Amino acid sequence: MRKIMTIATAALMLTACSTQKDGDKVNIEKQTVKLENDQMTPEALWAMSRIGGYQASPDGQHVVFQTGYYSVAENASHQVLWMMNADGSGQRQLTTDADNETDAQWLDSETIAFMRGGEVWKMNLDGGSRKQISETEGKVEGFMFSPDRKKVIILQSIPFNEIIQKNPDDLPKATGRKITDLMYRHWDHYVESIQHPFVYSVGDGFAIADEGKDILEGEPYECPMEPFGGMEQLAWSPDSKNIAFTCRCKTGLSYSVSTDSDIFLYDAESGDMDKTWNLCKNHEWGVVSDGTVPYEIDNLLDPTKTLKNQFVNTNLKDMNVGYDTNPKFSPDGRYVAWLSMERDGYEADRNRLCIYDLKERTKNYVTESFDSNVDDYCWAPDSKTIYYIGVWHATENLYRTNLEGEVKQMTDYEADFGSLQMLNDKQILAEKHSFTEPADLYVVTPGDSIGNTAASQITEVNKEILDQLGKPSVEKYWVKTTDGKEMLTWVILPPHFDKNKKYPTLLFCEGGPQSPVSQFWSYRWNFFIMASQGYVIVAPNRRGLPGFGQEWLEEISGDWTGQCMKDYLSAIDFACDNLPYVDRDKLGAVGASFGGFSVYYLAGHHDKRFKCFIAHDGAFNLEAMYTETEENWFSNWEYDDAYWNKDQTARARKTYENSPHRFVDKWDTPILCIHGEKDYRINATQGMSAFNAARMRGIEAELLIFPDENHWVLKPQNGILWQRTYFEWLAKWLKKN
């Protein structure tokens, strides 16, 4: 294994495009590699280009899109902008030097705004006439121009010292942090600043004024919401008079135990924050706690109160206290749509599409007949139709709904759409990918049904690499579970598959715990490269995954070690019993996050099925995890109760009693533990504890620790090290005679 990788690495490094030094910056260009054979390697995977954001011009004639290039040698990436005609022709790179250029947005059909060096710039279609149009000392972190181009929202970070106190001025070199409440760190950083949206005026030539208005001035709340929120959490009304934005009006302990965010409407014309209106908790019907008696809360909130007072100091019972995110106005301005979860503290609740009628002050959920999540959506020009993507039976396809909630499926690909927007009055611009194809852009022409909706590919950013690779094949099976249900299970086969051979086989354990095993493309947990290295992959959509109805999804909550673990074993047993090419004597189990937890648990309950394990960023000790994780609503929902409560619920007791660390005495199989020290969701002590326990038990084990990575592995050389370590470990235990 190591010899093959060395040859492939040398070939890649010798044939990659050169980089040009520009001071301390590196102009990383598109990688053009020549491989020694048709096997996907870690180096080939990291040489691939990655499509990011994209946007169609107002006249629908052009598309600007962002692409990331990665250099293993430089351990860095370069974000560049490309332009093409709407049919994919005329593709040309607009970025000219080593600076990252991102977040392209059309100012008109001839002019593009973009981010560069923490400022907003503009350029023409050909990339010329470049000019900086903001002066914020490099503080721009996102932007969105109003439709009339007279105003612009700019995201900026402001100091936040409510939880981590500012150190005394006479101790400028002190590194300590005095912390007074929870949420002092989030995902991978300490929270010493938060983002606020500022509204700036725009003058001649799209020049942005020197000073902006903070629409959350004086409020200790973030917008967009950490850790992953961006400009999609804000929207301009078509008349440029209002801004809809997402906000969770909580800090500290209350923030850490709640997912209750809302959609607010800000009067951008007056700039008066006191007119900010909560669309989620006003002008609607709620229910009392027993869910039976309705009452109107239309006038319970005073619109003259500040945002903080009307949200925090008013005791409301509301049927919608979960995540509300990503607002979008209808083209005619009458409606605001957003994604809405019903229950507080439950991050994996069903994401419904909510429509608020600004004229009638009513709202309606229009995807109730779709028993799964809405993941992205866009309004059609008629303001009566919404196109959306959602997962069903392990694929992310295109659907449409009207204002009455009549849902219809539009595509049926064994692939995933990742995002979408309108290209013109009749067509959709979308990103699509699968287990065997990285992301590219497509033009979708909706029809009346699945059969006459067409998708045409308009980019092939990795064609040169993909054309050199042998392609795995994918099969789909419905596996009988121990409780008599059917479970969709993907089986990915190596390139040049020989049905008469026996192959080492991997059971893939999904994370989340409630994210789908749909047709994803990953630059770490990548089925293409696993199959190319000679493994069969068995990837079950076990209990707890979306796309099979809410009942299937929720069977995992409070039962992490019950039916979902039986489902894993049902999938691998089915493969061994029914697929003659699966070598039952060479099985491994691998996974990250909840998948890592699954591996740690299976290590004590697999009845000698597996010859090795790999767990990345997995929870090992659930009692420790309860207070270590930063978003405590997760533990509260999943575990049901704190471990210190002596009268805890039966569900909580079952959870803690079945924590993987309690079964280390039954571990008997080699295990590789991987963790990032900047992972504040599942702390690195979890992976270290699992490795230490294995070694103290005399079990063969390795620990791969990344001091500078979070819950993911993002740096190129760390990514290569991850892949090499992963495959070396598998080869050691599954490919030896």
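A salt bridge here is a side-chain nitrogen of Lys or Arg within 4 Å of a carboxyl oxygen of Asp or Glu. The whole structure holds 33 of them. The model is predicted, and the views below take its features in turn.

**View 1. Confidence across the predicted model.** The mean pLDDT of the protein is 91. A pLDDT of 70 or more is reached by 92% of its residues. Residues 1-22 have a pLDDT below 50. Beyond near neighbours in sequence, this stretch has 43 contacts in the model. Residues 283-318 also stay under 50. For residues 283-318 the model has 78 contacts beyond four places in sequence. Where pLDDT is low, the predicted coordinates should not be read in detail.

**View 2. A salt bridge joins Arg-334 and Asp-357.** The closest N and O atoms are 2.9 Å apart. Arg-334 sits in the loop between β25 (324-329) and β26 (335-340). Asp-357 belongs to strand β27 (residues 352-357). The two residues are 23 residues apart and link distant parts of the chain. Arg-334 is partly exposed, at 29% relative accessibility. Asp-357 is buried, at 8%.

**View 3. Asp-483 meets Arg-543 in a salt bridge.** Here the closest N and O atoms lie 2.8 Å apart. Asp-483 is in the loop between β37 and β38. Arg-543 is in the loop between β40 and α7 (550-554). The partners are 60 residues apart, and the pair links distant parts of the chain. Are these residues buried or exposed, Arg-543 to begin with? Arg-543 has a relative accessible area of 0%, so it counts as buried. Asp-483 is partly exposed, with 34%.

**View 4. Asp-559 and Lys-654 form a salt bridge.** The closest N and O atoms are 2.7 Å apart. Asp-559 lies in the loop between α7 and α8, and Lys-654 in helix α12 (residues 650-657), so the pair ties together parts that are 95 residues apart in sequence. Asp-559 is buried at 16% relative accessibility, because buried means under 20%. Lys-654 is partly exposed, with a relative accessible area of 35%.

**View 5. Six residues share a network of salt bridges.** The network links Lys-25, Asp-97, Asp-99, Glu-101, Arg-116 and Arg-130.

**View 6. Eight strands build an open sheet.** Their order is β37-β38-β40-β39-β41-β42-β43-β44, and the pairing is mixed. The edge strands are β37 (473-480) and β44 (701-706). Each edge strand pairs on one side only. On average, neighbouring strands of the sheet are turned by 20° against each other, direction ignored. Strand β39 (residues 503-509) and strand β41 (residues 582-592) run in the parallel sense. Six bridges pair them. Cys-509 has Gly-591 in β41 as its bridge partner.

**View 7. Helices α8 and α13 against the sheet.** Helix α8 (residues 563-578) lies across β37, β38 (486-493), β39, β40 (536-540) and β41. Its direction is at about 150° to β41. Helix α13 (residues 684-696) packs on the sheet and touches β43 (671-676) and β44. The direction of α13 makes about 160° with that of β44.

**View 8. Ser-49 is a buried loop residue.** Ser-49 lies between α2 (42-47) and β3 (50-56). Its relative accessibility is 2%. The Ser-49 side chain makes a polar contact with the side chain of Lys-30, at 3.4 Å. Leaving aside neighbours within four places in sequence, Ser-49 is in contact with residues including Thr-67, Gly-68, Tyr-69, Val-461, Asn-462 and Tyr-523.

**View 9. Two cis peptide bonds precede prolines.** One runs from Cys-223 to Pro-224, with omega near 0°. The other joins Glu-226 and Pro-227, with omega about 0°. Pro-224 is in the loop between β18 (213-214) and β19 (234-236). Pro-227 lies in the loop between β18 and β19.

**View 10. Ser-129 and Trp-187 have positive phi.** Neither Ser-129 nor Trp-187 is a glycine. Ser-129 has a phi of about 55°. Ser-129 is found in the loop between β9 (119-124) and β10 (131-132), and is exposed, at 54% relative accessible area. Trp-187 has a phi of about 65°. The place of Trp-187 is the loop between β15 (185-186) and β16 (189-190). Trp-187 is buried, at 7%.

Key:
Residues are numbered from 1 along each chain as its sequence is written. This is a predicted model: local features need pLDDT of at least 70, side-chain atom pairs count only at pLDDT 80 or more; totals for chains, interfaces and linings use all residues. Side-chain values use heavy atoms; hydrogens and water are left out. Helices (H or I, at least four residues) and strands (E, at least two) are DSSP runs, numbered from the N terminus. Buried means under 20% relative accessible area, exposed over 50%, partly exposed in between (1.4 Å probe, protein chains only). A polar contact is a pair of N or O atoms within 3.5 Å; within protein, one must be able to donate a hydrogen and the other to accept it, and residues adjacent in sequence count only if both atoms are side-chain atoms. Contact means heavy atoms within 4.5 Å. pLDDT is the predictor's confidence in each residue, from 0 to 100. Two strands pair if DSSP finds at least two bridges between them. Axes are lines fitted to C-alpha atoms, for helices over the stretch in contact, and angles run from 0 to 180 degrees between N-to-C directions.
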